[in-house]
Amino acid sequence: MTYCVAACLDAGLVFLSDSRTNAGVDQVSVARKLNVFEQPGDRVMVLLTSGNLAISQAVVNLLAQLDSDSPDSLWSAPDMYEAARRVGEAVRRVHDRDAEALSEHGVDFNINLIFGGQIGAERGRLFQIYSAGNFIESSPDVPYVQIGEAKYGKPILDRVLRPDTSLDEAAKCALISMDSTLRSNISVGLPLDMLVYESGALRVTHFAHIDEDNEYFRMIRKTWGERLRQVFGEIADPSWTQAQSTGSLAAAGRLHQPHRLTPGGGAADPAPLQVLAQDPGGTQAS
């Protein structure tokens, strides 16, 4: 499995991927999942991959082999939306070629992609592309995209990322998101690839290959864990009295009792699980 995350901000774009690939617990390997299509001064496009590694590599190689004269080439796309459409078309071409054979061997056609960058004077844009070749674009309300093992690292992204977040803060946020995923899922692993693109640069701004010896990432992992435990310890423990206070969990009333069962399967306290509003005539409100 994998975890990749990217953010599209006013200041530019941030991309981060792990590199673990596996076909079972005894077949763990490393494969880089961040691919850059760069023509300095004209365009920078970044493609992150997850899913079946053979399918991902087939799509990336197909895109790389198309020269600028091809109508499906990323190098001739007039804008990022058209470039995303061409990536989706490459996914469909690989599907048409390989999906039937994969199905005969019980293998699903499984690929998810993050694709983002900037072409010319157009603003930077970010897309998520699915196995069917269709795609969605990030928005100011949700300025990030995740693929792979997304759930573990999502909370920090929701709390921190905004369109006006700086690139350095977004990079830090992405690394914390990755650390949360690494701690909770063994199918995601080091080393990491991080790329930061500053809007208007039309060339890669910063790139880092991060392994277990990277001092900054080690500091992130240590500091984030310590500060979480510190804040957790500073939050008041719950009170079990019925006093009206911010620390009290308990309250009076029938619904604030457990649903008790008696021998024979009866309910000693059949409190309703749901209360419906009723009008004065006794009928349920719609």
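1. Let me start with R125 and E137, whose side chains meet in a salt bridge with an N to O distance of 2.8 Å. This is a predicted model, so please read every value here as computed from predicted coordinates. The two residues belong to distant parts of the chain: R125 sits in strand β8 (residues 125-129) and E137 in strand β9 (residues 135-137), 12 residues apart. R125 has a relative accessibility of 13% and therefore counts as buried, since the cut-off is under 20%. E137, at 30%, counts as partly exposed. The bridge also has company, as salt bridges with shared partners join E122, R123, R125 and E137 into one network.

2. Staying with strand β8, have a look at the aromatic rings. The whole structure holds 4 aromatic pairs. One of them is Y81 with F127, an edge-to-face pair at 6.3 Å centre to centre and with 70° between the planes. This pair, too, links distant parts of the chain, with Y81 in helix α2 and F127 in strand β8, 46 residues apart. Y81 is partly exposed at 43% relative accessibility, whereas F127 is buried with a relative accessible area of 0%.

3. F127 has another ring partner to consider. With F135, F127 forms an edge-to-face pair, 5.6 Å from centre to centre and with 90° between the planes. F135 is buried because its relative accessible area, 19%, falls under the 20% cut-off. Taken together, the ring pairs link Y81, F127 and F135 into a cluster. It may help to show this cluster in your viewer along with the salt-bridge network of E122, R123, R125 and E137.

4. Next, a pair involving D193 and R32. Their side chains meet in a salt bridge, 3.0 Å from N to O. Here 161 residues separate the partners: D193 lies in strand β11 (residues 192-198), and R32 in the loop between β4 (28-30) and β5 (34-39). Is D193 buried or exposed? D193 is buried, with a relative accessible area of 2%.

5. Helix α2 comes back with R93, whose side chain meets that of D72 in a salt bridge at 3.9 Å, N to O. That value deserves a remark: the cut-off for a salt bridge is within 4 Å, so the R93 and D72 pair qualifies. R93 is in helix α2 (residues 80-104), while D72 is in the loop between α1 (53-65) and α2, 21 residues away. Both partners are partly exposed, R93 at 36% relative accessibility and D72 at 23%. For the structure as a whole, the count of salt bridges is 17.

6. Two backbone features are worth a check on your side. The peptide bond from L190 to P191 is cis, with omega near 0°, and P191 is placed in the loop between α4 (167-184) and β11. The other feature is at L202, which has a positive phi of about 55° although L202 is not a glycine. Where is L202 found? L202 belongs to the loop between β11 and β12 (206-210). With a relative accessible area of 11%, L202 is buried.

7. A brief word on the cysteines. How many disulfides does the structure hold? The count is 0. Among the cysteines, C4 is buried at 0% relative accessibility, and C173 is buried at 3%.

8. Finally, the overall picture. The protein has 5 helices and 12 strands, and 41% of its 286 residues count as buried. Among contacts with a separation of 6 or more, 56% come from residues 24 or more positions apart. The salt bridge of D193 and R32, with its partners 161 residues apart, and the ring pair of Y81 and F127, 46 residues apart, both span at least such a separation. The accessible surface comes to about 16100 Å², and carbon and sulfur atoms account for 51% of that area.

Definitions and conventions
Residues are numbered from 1 along each chain as its sequence is written. This is a predicted model: local features need pLDDT of at least 70, side-chain atom pairs count only at pLDDT 80 or more; totals for chains, interfaces and linings use all residues. Side-chain values use heavy atoms; hydrogens and water are left out. Helices (H or I, at least four residues) and strands (E, at least two) are DSSP runs, numbered from the N terminus. Buried means under 20% relative accessible area, exposed over 50%, partly exposed in between (1.4 Å probe, protein chains only). Contact means heavy atoms within 4.5 Å. Accessible areas come from the Shrake-Rupley method with a 1.4 Å probe; for residues, only the protein chains shown count as cover. A disulfide is a pair of cysteine sulfur atoms within 2.5 Å. Rings of Phe, Tyr and Trp (its six-membered ring) pair if their centres lie within 6.5 Å; planes under 30 degrees apart count as stacked, over 60 as edge-to-face and the rest as tilted.
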